[in-house]
Amino acid sequence: MGASDLRGVTNDAFSAYYKQQLGLTDQEWSALEACLRSPLPVTWRFSGNDERAISLRASMEQSLLPLLNEQPTSLPWYPDRLGWQFGVSRAWLRGKDRPGEGPEGPEAAAAAAPRSTSIKAFHAWLLRESSLGNLQRQEAVSMVPPLLLDVRPGMAVLDMCASPGSKAQQILEMLAAPARIANTDAAARAPVRSLDEARGLLAA
């Protein structure tokens with residue numbers, strides 16, 4: 001049974017229980033169920049926030065994105081447009097979803113068609129840059145906590161939920177970030193000199 005088949009499985013007992021527990025109307029439950037059945041989009045962020053990350057992002061925008069019919073978009077709340085989202089499922093990007101059984105919504109037309117050569121090339125690029133450590137395949141919701149913490153060089157961070165480690169990696173990058181953050185206390189915000197030094201400030 002593939003990912004598309006699993007998204008179509010129904011469970012009347014599950015629906016009745018949670019509809020009652022949450023006190024939802026039929027319309028509200030239908031909207032919630034549609035959301036639960038929608039596959040997560042493909043998301044990633046460029047490692048660090050230095051000029052190398054910005055240069056790689058610019059290269060992607062100039063060389064890869066113009067070849068795609070359906071465009072990935074930057075996450076509007078992630079700094080420097082270094083966090084991105086592609087509105088197709090991970091299974092479809094890997095060629096695992098069958099044609100015509102992609103996610104519902106605006107991206108359905110893109111997901112319903114077989115993968116094009118440009119999509120295959122883009123997927124290969126994601127895999128290559130991820131293996132090189134230049135980008136992180138990280139869920140958008142996982143990118144939020146380090147940003148809300150406003151982690152900066154010179155801080156010490158205790159990560160008590162560090163598995164599989166994507167947030168810990170993001171925190172390390174923020175601890176080792178170059179001095180691009182405006183501050184009033186240069187001594188307290190002095191950037192660490194390396195990722196090894198940053199790891200000493202992160203207890204995970």
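**Notebook: D150, then helices and sheet**

I started at D150, which counts as partly exposed because its relative accessibility is 36%, between the 20% and 50% cut-offs. A note to self before going on: this is a predicted model.

**Entry 1. Two residues with positive phi**

Where does D150 sit? I found D150 in the loop between α8 and β5, the strand of residues 157-158. Its phi is near 55°, a positive value in a residue other than glycine. I made a note of that because most residues other than glycine have a negative phi.

I then looked up R81, which also has a positive phi, of about 55°, although R81 is not a glycine. R81 belongs to the loop between β2 and β3. Is R81 buried or exposed? R81 is partly exposed, as its relative accessible area is 36%, and the partly exposed range runs between 20% and 50%.

**Entry 2. The chain as a whole**

I stepped back for an overview. The protein chain has 10 helices and 6 strands. Of its 204 residues, 32% count as buried. I also checked how far along the sequence the contacts reach: among those between residues at least 6 apart, 66% join residues at least 24 apart.

**Entry 3. The sheet**

In what order do the strands of the open sheet lie? I read the order of the 4 strands as β2-β3-β1-β4, with antiparallel pairing. At the edges are β2 (73-74) and β4 (135-136), each of which pairs on one side only.

Next I followed β1 (residues 41-46) and β3 (residues 83-89), which pair in the antiparallel sense over 5 bridges. To get my bearings on this pairing I looked up R45, and it stands opposite G83 in β3.

**Entry 4. F86 in β3**

I stayed on β3 and picked F86, which is found in that strand. F86 is buried because its relative accessible area is 0%, and buried means under 20%.

Which residues is F86 in contact with, leaving aside its neighbours within four places in sequence? I listed P41, V42, W44, E70, Q71, P72, L93, I119 and F122. I also looked up the spacing between F86 and T73: these residues are 13 apart along the chain, and their C-alpha atoms are separated by 6.4 Å.

**Entry 5. Helix α4 on the sheet**

From the strands I moved to α4 (residues 51-64), which lies across β1 and β3 and runs at about 140° to β1. I chose I54 as a residue of α4 to look at. I54 is buried, with a relative accessible area of 18%, which is under the 20% cut-off. I54 and L82 are 28 residues apart in sequence, yet their C-alpha atoms are 7.2 Å apart in space.

**Entry 6. Three helix pairs**

For each pair I looked up an angle and a distance, because two packed helices are described by the angle between their axes and the distance between the axes.

*α4 with α7.* The axes of α4 and α7 (residues 117-131) come within 12 Å and cross at roughly 165°. The two helices are therefore roughly antiparallel to each other, the cut-off being over 145 degrees. I traced the contact to L56, M60 and L64 of α4 and F122, W125 and E129 of α7. By class, this contact has 5 nonpolar residues, no polar ones and 1 charged. F122 was already in my notes as a contact of F86.

*α2 with α3.* I found α2 (residues 12-22) packed against α3 (residues 26-37) at an angle of about 120°, with axes 11 Å apart. That makes α2 oblique to α3. The crossing is right-handed. On the α2 side, the contact is made by F14, S15, Y18, K19 and L22, which meet D26, W29, L32 and E33 in α3. The classes come to 5 nonpolar, 1 polar and 3 charged residues.

*α8 with α9.* I ended on the helix that precedes the D150 loop. Helix α8 (residues 140-149) packs with α9 (residues 166-175) at an angle of about 35°, and their axes are 9 Å apart. This crossing is right-handed. Which residues of α8 and α9 meet? I noted S142, M143, P145, P146 and L147 in α8, and S166, K167, Q170, I171 and M174 in α9. They divide into 6 nonpolar, 3 polar and 1 charged.

Methods: Residues are numbered from 1 along each chain as its sequence is written. This is a predicted model: local features need pLDDT of at least 70, side-chain atom pairs count only at pLDDT 80 or more; totals for chains, interfaces and linings use all residues. Side-chain values use heavy atoms; hydrogens and water are left out. Two strands pair if DSSP finds at least two bridges between them. Contact means heavy atoms within 4.5 Å. Axes are lines fitted to C-alpha atoms, for helices over the stretch in contact, and angles run from 0 to 180 degrees between N-to-C directions. Buried means under 20% relative accessible area, exposed over 50%, partly exposed in between (1.4 Å probe, protein chains only). Angles under 35 degrees count as roughly parallel, over 145 as roughly antiparallel, 65 to 115 as roughly perpendicular and the rest as oblique. A crossing is left-handed if the near helix is turned anticlockwise from the far one by less than a right angle, and right-handed if clockwise. Ala, Val, Leu, Ile, Met, Phe, Trp, Tyr, Cys and Pro count as nonpolar, Asp, Glu, Lys and Arg as charged, and the others, Gly among them, as polar.
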